[in-house]
Amino acid sequence: MNTNSFWIRKTFSEPVFNFNKDYITPTNCDVNKVAGSGDKYSIKVTTLVPTDSASIAISTTDNITTGKGLEKTIEWYIN
(Lines give C-alpha, C1' and ligand atoms only; values in the text may rest on other atoms or scores of the structure.)
Protein backbone atom coordinates (compact mmCIF):
# COMPACT_ATOMS: atom_id res chain seq x y z
CA MET A 1 0.00 0.00 0.00
CA ASN A 2 1.40 3.40 -0.99
CA THR A 3 0.71 6.05 1.63
CA ASN A 4 1.82 9.62 2.26
CA SER A 5 1.23 11.51 5.49
CA PHE A 6 1.24 15.26 5.89
CA TRP A 7 0.05 17.94 8.28
CA ILE A 8 -2.41 20.72 7.51
CA ARG A 9 -2.33 23.78 9.76
CA LYS A 10 -5.48 25.73 10.55
CA THR A 11 -5.63 29.03 12.40
CA PHE A 12 -9.08 30.16 13.49
CA SER A 13 -9.99 33.82 13.93
CA GLU A 14 -10.61 33.19 17.63
CA PRO A 15 -9.99 30.39 20.15
CA VAL A 16 -12.17 27.28 19.77
CA PHE A 17 -12.54 24.30 22.09
CA ASN A 18 -13.03 20.58 21.44
CA PHE A 19 -12.13 20.81 17.74
CA ASN A 20 -11.72 17.19 16.60
CA LYS A 21 -12.08 14.76 13.68
CA ASP A 22 -15.88 14.94 13.88
CA TYR A 23 -15.77 18.39 12.25
CA ILE A 24 -13.64 17.20 9.31
CA THR A 25 -14.62 15.41 6.08
CA PRO A 26 -11.60 14.00 4.20
CA THR A 27 -11.41 13.34 0.46
CA ASN A 28 -8.86 10.78 -0.84
CA CYS A 29 -7.27 10.61 2.63
CA ASP A 30 -7.89 9.69 6.27
CA VAL A 31 -7.64 12.06 9.21
CA ASN A 32 -5.20 10.47 11.67
CA LYS A 33 -4.83 13.12 14.32
CA VAL A 34 -5.99 16.58 15.33
CA ALA A 35 -3.69 18.46 17.69
CA GLY A 36 -3.69 21.99 19.01
CA SER A 37 -5.54 24.41 21.21
CA GLY A 38 -6.89 27.93 21.21
CA ASP A 39 -6.88 29.25 17.67
CA LYS A 40 -4.11 27.04 16.20
CA TYR A 41 -4.61 23.41 15.18
CA SER A 42 -2.74 20.86 13.07
CA ILE A 43 -4.49 18.03 11.23
CA LYS A 44 -2.51 14.95 10.20
CA VAL A 45 -3.84 13.19 7.11
CA THR A 46 -2.69 10.10 5.22
CA THR A 47 -3.46 9.23 1.62
CA LEU A 48 -4.27 5.56 1.09
CA VAL A 49 -3.87 5.38 -2.66
CA PRO A 50 -1.69 7.34 -5.08
CA THR A 51 -3.55 10.56 -5.77
CA ASP A 52 -2.93 14.00 -7.19
CA SER A 53 -5.54 15.50 -4.90
CA ALA A 54 -6.21 15.01 -1.21
CA SER A 55 -8.23 17.53 0.76
CA ILE A 56 -10.30 18.12 3.85
CA ALA A 57 -13.46 20.12 4.45
CA ILE A 58 -14.38 21.53 7.83
CA SER A 59 -18.07 21.66 8.66
CA THR A 60 -19.61 25.11 8.42
CA THR A 61 -22.96 23.96 9.81
CA ASP A 62 -21.97 22.36 13.13
CA ASN A 63 -21.59 24.59 16.17
CA ILE A 64 -18.24 24.64 17.97
CA THR A 65 -17.55 25.99 21.45
CA THR A 66 -15.83 29.39 21.49
CA GLY A 67 -16.20 30.17 25.18
CA LYS A 68 -18.14 29.21 28.30
CA GLY A 69 -21.73 28.88 27.13
CA LEU A 70 -20.87 30.24 23.66
CA GLU A 71 -21.09 28.35 20.38
CA LYS A 72 -21.03 29.36 16.72
CA THR A 73 -20.51 27.84 13.31
CA ILE A 74 -17.06 27.79 11.75
CA GLU A 75 -16.35 29.96 8.74
CA TRP A 76 -13.82 28.17 6.53
CA TYR A 77 -11.64 30.08 4.11
CA ILE A 78 -8.84 28.58 2.07
CA ASN A 79 -5.91 30.96 1.71
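Colleague: Let me start with Ile74. Which residues does Ile74 touch, not counting residues up to four places away in sequence?

Modeller: In this predicted model, Ile74 touches Phe12, Phe19, Tyr23, Ile58, Ser59, Thr60, Asp62 and Ile64. To count as a contact, heavy atoms must lie within 4.5 Å.

Colleague: What makes a group of residues a nonpolar core, and which residues have the most contacts inside the largest one?

Modeller: The members must be buried nonpolar residues joined through side-chain atoms within 4.5 Å. The largest such core has 14 residues, and Phe19, Ile24, Ile43, Ile56 and Ile74 have the most contacts inside it. Strands β4 and β5 each supply at least two of its residues, and the largest share, three residues, comes from β4. As a general point, nonpolar side chains in soluble globular proteins tend to be buried together.

Colleague: Which residues of strand β5 lie on its covered face, and which on its uncovered one?

Modeller: In β5 (residues 55–58), Ile56 and Ile58 form the covered face, while Ser55 and Ala57 form the uncovered one.

Colleague: How do you know that β2 and β5 are paired?

Modeller: Two strands pair if there are at least two bridges between them. Four bridges join β2 to β5, so the pair qualifies, and the two strands run antiparallel. One partnership to look for is Ile24 with Ile58 in β5.

Colleague: Now the open sheet of three strands: what is its order?

Modeller: The order is β1-β4-β3, with antiparallel pairing.

Colleague: Why are β1 and β3 said to stand at the edges?

Modeller: Each has a single partner strand, so one side of each is left without a neighbour in the sheet. On average, neighbouring strands here are turned by 20° against each other, direction ignored. Between β1 and β4 there are eight bridges, and Arg9 stands opposite Ser42 in β4.

Colleague: Lys10 in strand β1 caught my eye. Is Lys10 buried or exposed?

Modeller: The cut-off for buried is under 20% relative accessible area. Lys10 is at 10%, so this lysine counts as buried. The C-alpha atoms of Lys10 and Lys40 are 6.0 Å apart, although the two residues are 30 apart in sequence.

Colleague: And Thr46, in strand β4: buried or exposed?

Modeller: The relative accessible area of Thr46 is 10%, which is under 20%, so Thr46 is buried. Its side chain makes polar contacts with the side chains of Ser5 at 2.8 Å and Asn32 at 2.4 Å. Each distance is within the 3.5 Å limit for a polar contact.

Colleague: How many salt bridges does the structure hold?

Modeller: There are two.

Colleague: Why is the meeting of Glu14 and Lys72 called a salt bridge?

Modeller: The side-chain nitrogen and the carboxyl oxygen must be within 4 Å. For Glu14 and Lys72 the N to O distance is 2.8 Å, so the pair meets that limit. The bridge links distant parts of the chain, with Glu14 in the loop between β1 and β2, Lys72 in strand β7, and these positions 58 residues apart. Glu14 is partly exposed at 27%, and Lys72 is partly exposed at 38%; both values fall between 20% and 50%.

Colleague: How far apart are the closest N and O atoms of Asp39 and Lys40?

Modeller: They are 3.6 Å apart. That is within 4 Å, so Asp39 and Lys40 form a salt bridge too. Asp39 has a relative accessible area of 25%, so this residue is partly exposed.

Methods: Residues are numbered from 1 along each chain as its sequence is written. This is a predicted model: local features need pLDDT of at least 70, side-chain atom pairs count only at pLDDT 80 or more; totals for chains, interfaces and linings use all residues. Side-chain values use heavy atoms; hydrogens and water are left out. Buried means under 20% relative accessible area, exposed over 50%, partly exposed in between (1.4 Å probe, protein chains only). A polar contact is a pair of N or O atoms within 3.5 Å; within protein, one must be able to donate a hydrogen and the other to accept it, and residues adjacent in sequence count only if both atoms are side-chain atoms. Axes are lines fitted to C-alpha atoms, for helices over the stretch in contact, and angles run from 0 to 180 degrees between N-to-C directions.
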